[in-house]
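Student: Could you walk me through one part of this protein closely, the packing inside it? I'd like to follow it from one residue outward and see what lies around it.

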Amino acid sequence: MQEINQQKPILITGGTGYIASWIIKYLLEKGLDVRATVRDKSNSEKYKHLIDIAENSTGKLTIFEADLLKMGSFKEAMKDCELVFHTASPFKISGIKNAQQELIEPALDGTRNVLNSAKENQSVKRIVLTASVVSMHGDAADMKETENGIFTDKDWNTTSSETHKPYSYSKVLAEKEAWKIVETQDQFDLVTVHPGFVLGPSLTRRRDSASIDFMISMLNGKYKTGVPDLTLGIVDIRDLANVHIAAAFNPKAEGRYIATAGSANMLELASFLKKKYSAKYKIPKMKLPKIMLYLFGPMQGFSWKQIKLNMGLPLKFDNSKSINELGVSYRPIEETVLDHAEQIIRDGLV
Ligand code: NAP
């Protein structure tokens, strides 16, 4: 695999995002030359935090405008870059009206757009794609089919579709397309990072990211009658940014890397919050009975099929490849949850 010249500019797509912001912060703190794409450059409120970080670091930041659905729009920002982080993709798990338009097209066409531009740009040597554990598994029930009762980098999600877990489906299609495009050339290599559900302090006061909205809901009473009996693979946003950076600069990095600290049930996540915040906030105290989920789940965006194939079932991911090959480590989930809650409270989001 190829060594990346750290003097060259680095492109990151979806610069306004929850995850991208932390990657950009760490790159700027390393003194690197970072180009971030945003959909609307005139909406500087969305990336002001990045400008502030750049001003207090030794790195250089340039903002470019590009849209996943505008073919060729990433070309200018990519010029002379050896390294591209492709993080931009809609992350939406509820309230989806048209999965094709809201999720599948931007994820799939966007990946084509970015990777095809890289093919036409001879400087690009490596693309680090923010994939997801959902391109390895569809439902928790799929774990029965795995070789050792745990999802690994060898697994693919074969059960999601446009109507069942469309976000997961969009991530599978986008990742498969990325690997297909890489096969057609030998100029750049591809490394994919597969985060579990990402939690941890956000660098902005945004609420419209699924991860941030989830933590707000754990504090604001949305789940005061109980949480779904759902287990999630979890990763801290700061650790995840480090995984991306290790995947980018380690010349030996190759293939797919699961990035999770471990798995936790929603009630376990609530129990971490309860120790510190139960006096002031309505922290969930129990699991919702399955019957309640069947009755009210559809209103919250959980279909009966999703309930049957996920609720009450274990979910495990093998993160050893990222630890052994990239040398990264993962902080305890409790620390992630408490740091995230602290940011949300400090920023007045609950
Ligand atoms: P986020 O905060 O919602 O960020 C999504 C980013 O994608 C935003 O910068 C958004 O730009 C950009 N984007 C969406 N549609 C676009 C379009 N048509 N053209 C250009 N940019 C577009 O979400 P996130 O949590 O940071 O997610 C980033 C990546 O991580 C996604 O690929 C997601 O699938 C993946 N991921 C997230 C999690 C998680 O738990 N958060 C877990 C696994 C994988 P605007 O600001 O213009 O909307």
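Tutor: Leaving out residues up to four places away in sequence, M218 touches Y223, V227, M266, L269, A270, L273, K282, I283 and P284, where contact means heavy atoms within 4.5 Å. Keep in mind that this is a predicted model, in which local features need pLDDT of at least 70 and side-chain atom pairs count only at pLDDT 80 or more, while totals for chains, interfaces and linings use all residues. Residues are numbered from 1 along each chain as its sequence is written, and side-chain values use heavy atoms, with hydrogens and water left out.

M218 belongs to the largest nonpolar core, a set of 77 residues. It is one of the residues with the most contacts inside that core, alongside L27, L61, F85, F249, L269 and L273. A core here is a set of buried Ala, Val, Leu, Ile, Met, Phe, Trp, Tyr and Cys residues joined through side-chain atoms within 4.5 Å; buried is under 20% relative accessible area, exposed over 50%, and partly exposed in between (1.4 Å probe, protein chains only). Apart from that core lies another, with 21 residues, including C81, V114, V124 and I181.

Now over to L240, which sits in helix α7 (residues 237–249); helices are DSSP runs of H or I with at least four residues, strands are runs of E with at least two, and both are numbered from the N terminus. L240 counts as buried because its relative accessible area is 0%. Beyond its sequence neighbours up to four places away, L240 touches I19, V193, P195, V198, V235 and A259. Its C-alpha atom is 9.7 Å from that of L199, 41 residues apart along the chain.

V235 leads us on to T260, since V235 is among the contacts of T260 too, along with V133, G196, G233, I234, F317, N319 and Y330, again not counting residues up to four places away. T260 is in the loop between β9 (255–259) and β10 (262–265), and it counts as buried because its relative accessibility is 1%. The C-alpha atoms of T260 and R331 are 9.8 Å apart, though the two residues are 71 places apart along the chain. R331 itself lies in the loop between α11 (320–326) and α12 (333–346).

V198, which touches L240, also takes us to the ligand. Of the 26 residues around the ligand, V198 is one of those that come nearest, together with T16, R39, Y167 and K171; "around" means a heavy atom within 4 Å. That shell has eleven nonpolar, ten polar and five charged residues, with Ala, Val, Leu, Ile, Met, Phe, Trp, Tyr, Cys and Pro taken as nonpolar, Asp, Glu, Lys and Arg as charged, and the others, Gly among them, as polar. A polar side-chain atom of K171 is 2.8 Å from a ligand oxygen, and a backbone N or O atom of L68 is 2.9 Å from a ligand nitrogen. Alone, the ligand exposes 890 Å², of which the protein buries 93% (Shrake-Rupley areas, 1.4 Å probe). The elements giving two or more residues to the shell are α1 (18–29), α5 (166–183) and β7 (197–199).

Technical notes
A polar contact is a pair of N or O atoms within 3.5 Å; within protein, one must be able to donate a hydrogen and the other to accept it, and residues adjacent in sequence count only if both atoms are side-chain atoms.
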